[in-house]
2 protein chains.
Amino acid sequence: MSKIFRYEEVMKRVEEVINGLALKPGDKLPSVRKVSEELKVSHKTVLQAYALLEAKGLIVSRPRSGYFIDTVSTGTTMSQDNAIIPLPAVVELNTMATTMMKNARVKGVINFSMLAPANELLPVSRLNKALNTALAGMGVDNYQYPMVTGHPCLLKQIARHTLEWPNGLPVDKILITNGCMEAVNLCLDILAKPGDIIAVESPTYHGILESLEIRGLKAVEIRVDNTTGLRLDDLSVVLATYKITACIFMPSCHHPLGCSMPEENKKQLVRMLGERNIPLIEDDALGELHFEKNRSLPAKAYDGYDNVLYCSSFSKTLAPGFRIGWLSAGKYQAAAQKLKWASNISTTGILQEALGRFLESGRYPAHLNKLRLDLQENVSRYLSAVNRYFPQPVRIHMPAGGLSLWIGLPADVDTLQLQRKVLEQGIGICPGHIFAASQIYNNYVRINYGAPWSARIDKALKKAGSMISQTLQMKTIS
Amino acid sequence: MSKIFRYEEVMKRVEEVINGLALKPGDKLPSVRKVSEELKVSHKTVLQAYALLEAKGLIVSRPRSGYFIDTVSTGTTMSQDNAIIPLPAVVELNTMATTMMKNARVKGVINFSMLAPANELLPVSRLNKALNTALAGMGVDNYQYPMVTGHPCLLKQIARHTLEWPNGLPVDKILITNGCMEAVNLCLDILAKPGDIIAVESPTYHGILESLEIRGLKAVEIRVDNTTGLRLDDLSVVLATYKITACIFMPSCHHPLGCSMPEENKKQLVRMLGERNIPLIEDDALGELHFEKNRSLPAKAYDGYDNVLYCSSFSKTLAPGFRIGWLSAGKYQAAAQKLKWASNISTTGILQEALGRFLESGRYPAHLNKLRLDLQENVSRYLSAVNRYFPQPVRIHMPAGGLSLWIGLPADVDTLQLQRKVLEQGIGICPGHIFAASQIYNNYVRINYGAPWSARIDKALKKAGSMISQTLQMKTIS
């Protein structure tokens, strides 16, 4: 706590210095050195204060030029009324997420809050067939304890799938897990102890924040650009300021923003962390769902440091219900295997073999192509409906991949209250509250577009839009 | 460390007092009060010193009479040359167990080290059928994320299975897990933080010790009687001596001993811990595999305190490879659900539905009866072969249930070395080293009798026996 007050005080004094100069939008700020001398604090502290002001949208940094008063007064930052304060925060999301999932499963609910493709978009009958083959064939082996690392048939196919990477995953560097979240959790258990600081994105997947919460880890939140993903300049400031134990990022098809880091940025990220020996836990669960012609490879593909712990799964592309993911943990692979064994012995073999056989058939790339086209079709439909039905101004970006629209509503809409109201009307949405420990997205909402477009969905989005309008009207009246 | 030395010193002085009295076997020891006055230490400390001497096999306690010099000089204690010191120990098992599992899976190895019934003893074709029905029916739902608590069909059947218990498990107090080990691990994560002391049995299942190890928890080990299971008098001393965060016990079909606590002892255990508000994590994975006419109910069945966290699975009775277990965590149920979600979202639904449908068919009790008879047939064959082929003296007890024989070999056999030697001959056994943090069972070996008797098994046990004899002869020569 003391640290927070110290920084707040520094911030206040830095702001006073700047205000005293009566600068106009576009004016250059005094140099870091000058302010540090004036306030008798370290360069690092001023650098961080500037980063915080930038995060607030008050100033902007220009590479090799310095800091300037922002020329855009509103609309460009993620949130105007809540400052993004990248100070390590104890994560407290309570049971919001689980309660939400439970609610959204009530029969008849149009569920925009589950992040998965609908059954119509999954190769259900082919997977059933693969499962039957696994059962009929040498499936009897699958009744015994599976190998801790995974079913050989699936391991081989995952390795094959990464052959084109500059640094592909060899079979003996893959560990099958109960979905991507188990992979991430194994990484955290290997790397971090309570009180450690983990760098995450802002916003980020709420499951990651819950993983930090249950371990008593602190989150330092780094902004994500709508187009180019993780802001490396922010990361740089954070790395210079705090002792970061590990980073958890989604460089490809970020969730919930849907953006991907350019290849060069990924390479730089791997370098920045590799040189500092700070492990990168890469969550690539959505990486295959890009809307470009070719997938931009994950950061792991460029990992010459053996420093990236790569987590992925088939939950967003083939079968959410199978709960099959994998981990390639670089130099931590042996530790991961040991921990997996102690956690739950191994992952069920039958479903691994079914997935392995499906991949073996060579149909995965074609399925992925079709899935991407379907999702692109969905996203354009959903996007135009949101723009049509939701009260303006709505902040929304065309995602470059993934399964969700991240929608900024007017600042005085509390989306947790909204979520409760629309659920009464049989509509499930995901409030922004759970996407940052600092809860700065309380007027944001995540809408999943995994279900094919239909009149029912159109009606539900229209209803949601009119309920947001009502909320705003009531606020104006009161 | 300082604590260990303090107790060791007290021990030494207590031993000096006793030796100074020149007592003969059968003589009564001075009272706890007298020794505590003489040594100027607390009653509790003397009580513990006496418990340690008893654990060493030097003295015996007789209820309501006091302590006496043991009349039996050798053979009755678990181990002569290694004292059982129930001082909290940092658990360090290294990767022995996982390496072992890997080795034992090499093709052609006769594997006595995997604790599971062989396929011949499992209802494989009926389970396949149930799985096909689940796939063909409303199975398509199973491709989506399962409910965090579990598939309704399986939850209902598990609840039904406990209807006869005085305190059965209602559907909303059951959480499906990835096997019994995930259940135990969820409990530890809810209850304990690094450095806490957990009471476990000695010997105990090595998976439990690994779970303590990866969390930096300390184990205090409590002896298990071959016939009546956990020694409640020892537990009483430990509870009076240490701040115990939780206990992990196997009151029914203990692994590796195969013994079960009498009903009265289970009730007393629940009471002892309930009154002190020390949670009991009950591992009942093998509880159904008893050789009596009726199963002795788990401790949870008598839990009027909501203080027992009950962990079980279908791994030892139906399908080890499905990795499906469950947890009923008493007053910690909500915390368990939340943690499960953050750990891996939920357990795969398809296999849950298959198990649910199998149970629904009503065939489970008949399968269990047959399995028990098969295992009893196995155990008598294995037991007589071990007595025939292994060099005497062999310490071995007829188990009252479970899947393993726990065999004490002559004190100078190191079973880890033995394990390596017999593996070269294609035989997989499990060395006693991994069944206690204090590594006092280094001359014990666990032999699993889950595979039906055959000439091949007979030959393998004969070979193992002759290799033990060779080891002993070499020791005698050298």
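These legends walk through several close-up views of a predicted model.

**View 1. Chain A as a whole.**
Let's start with the big picture before zooming in. Chain A has 478 residues, and 51% of them count as buried. Its secondary structure adds up to 15 helices and 16 strands. Now take the contacts in chain A between residues at least 6 apart in sequence: 73% of these join residues that are at least 24 apart.

**View 2. Where chain A meets chain B.**
Here we look at the two chains touching: 49 residues of chain A are in contact with 49 residues of chain B. Which elements of chain A give two or more residues to the side that touches chain B? They are helices H4 (96-104), H5 (124-136), H7 (179-191), H8 (206-215), H11 (333-344) and H12 (349-360) of chain A. H11(A) gives the most, with seven residues. Sort the chain A side by class and you get 24 nonpolar, 20 polar and five charged residues.

**View 3. A three-stranded sheet in chain A.**
Three strands line up here as an open sheet, in the order E13-E16-E15 (chain A), with antiparallel pairing. At the edges stand strand E13 (404-408) and strand E15 (430-431) of chain A; each has a single partner strand, so one side of each has no neighbour in the sheet. A quick reminder helps with this picture: strands of a sheet pair through backbone hydrogen bonds, either parallel or antiparallel. E13(A) is joined to strand E16 (residues 444-448) of chain A by five bridges, and the two run antiparallel. To find your place, look for A:Ser404, which stands opposite A:Asn448 in E16(A). Helix H13 (residues 364-389) of chain A packs on the sheet, where it touches E13 and E16 of chain A. The direction of H13(A) makes about 20° with that of E13(A).

**View 4. A three-stranded sheet in chain B.**
Over in chain B, three strands form an open sheet in the order E13-E16-E15, and the pairing is antiparallel. Which strands sit at the edges? Strand E13 (404-408) and strand E15 (430-431) of chain B do, each pairing on one side only. Two bridges hook E15(B) up to strand E16 (residues 444-448) of chain B, and these strands run antiparallel. B:Cys430 stands opposite B:Arg446 in E16(B). Helix H13 of chain B lies across E13 and E16 of chain B, and runs at about 20° to E13(B).

**View 5. Two helices crossing in chain B.**
Stay with H13(B), but swap the sheet for another helix. Two packed helices are described by the angle between their axes and the distance between the axes. For helix H13 (residues 364-389) and helix H15 (residues 455-477) of chain B, the axes come within 9 Å and cross at roughly 35°. H13(B) passes H15(B) in a right-handed crossing. On the H13(B) side you'll spot B:Ala385, B:Val386 and B:Tyr389, which meet B:Asp458, B:Leu461, B:Lys462 and B:Gly465 in H15(B). By class, this contact has four nonpolar, one polar and two charged residues.

**View 6. A close look at B:Met272.**
Our last stop is a single residue, B:Met272, in helix H10 (residues 263-276) of chain B. Why does B:Met272 count as partly exposed? Because 16 other C-beta atoms lie within 10 Å of B:Met272, and the label "buried" takes 20 or more, while "exposed" takes 12 or fewer. B:Leu239 is 33 residues away from B:Met272 along the chain, yet their C-alpha atoms are separated by 9.3 Å.

Conventions:
Residues numbered from 1 in each chain as written. Chains lettered and ligands numbered in written order. Predicted model: local features only at pLDDT ≥ 70, side-chain atom pairs only at ≥ 80, totals over all residues. Contact = placed C-beta atoms within 7 Å. Helix = DSSP H or I, 4+ residues; strand = E, 2+ residues; numbered from the N terminus. Nonpolar A, V, L, I, M, F, W, Y, C, P; charged D, E, K, R; others polar. Axes fitted to C-alpha atoms, helices over the stretch in contact; angles between N-to-C directions. Left-handed = near helix turned anticlockwise from the far one by under 90°. Pairing = 2+ DSSP bridges.
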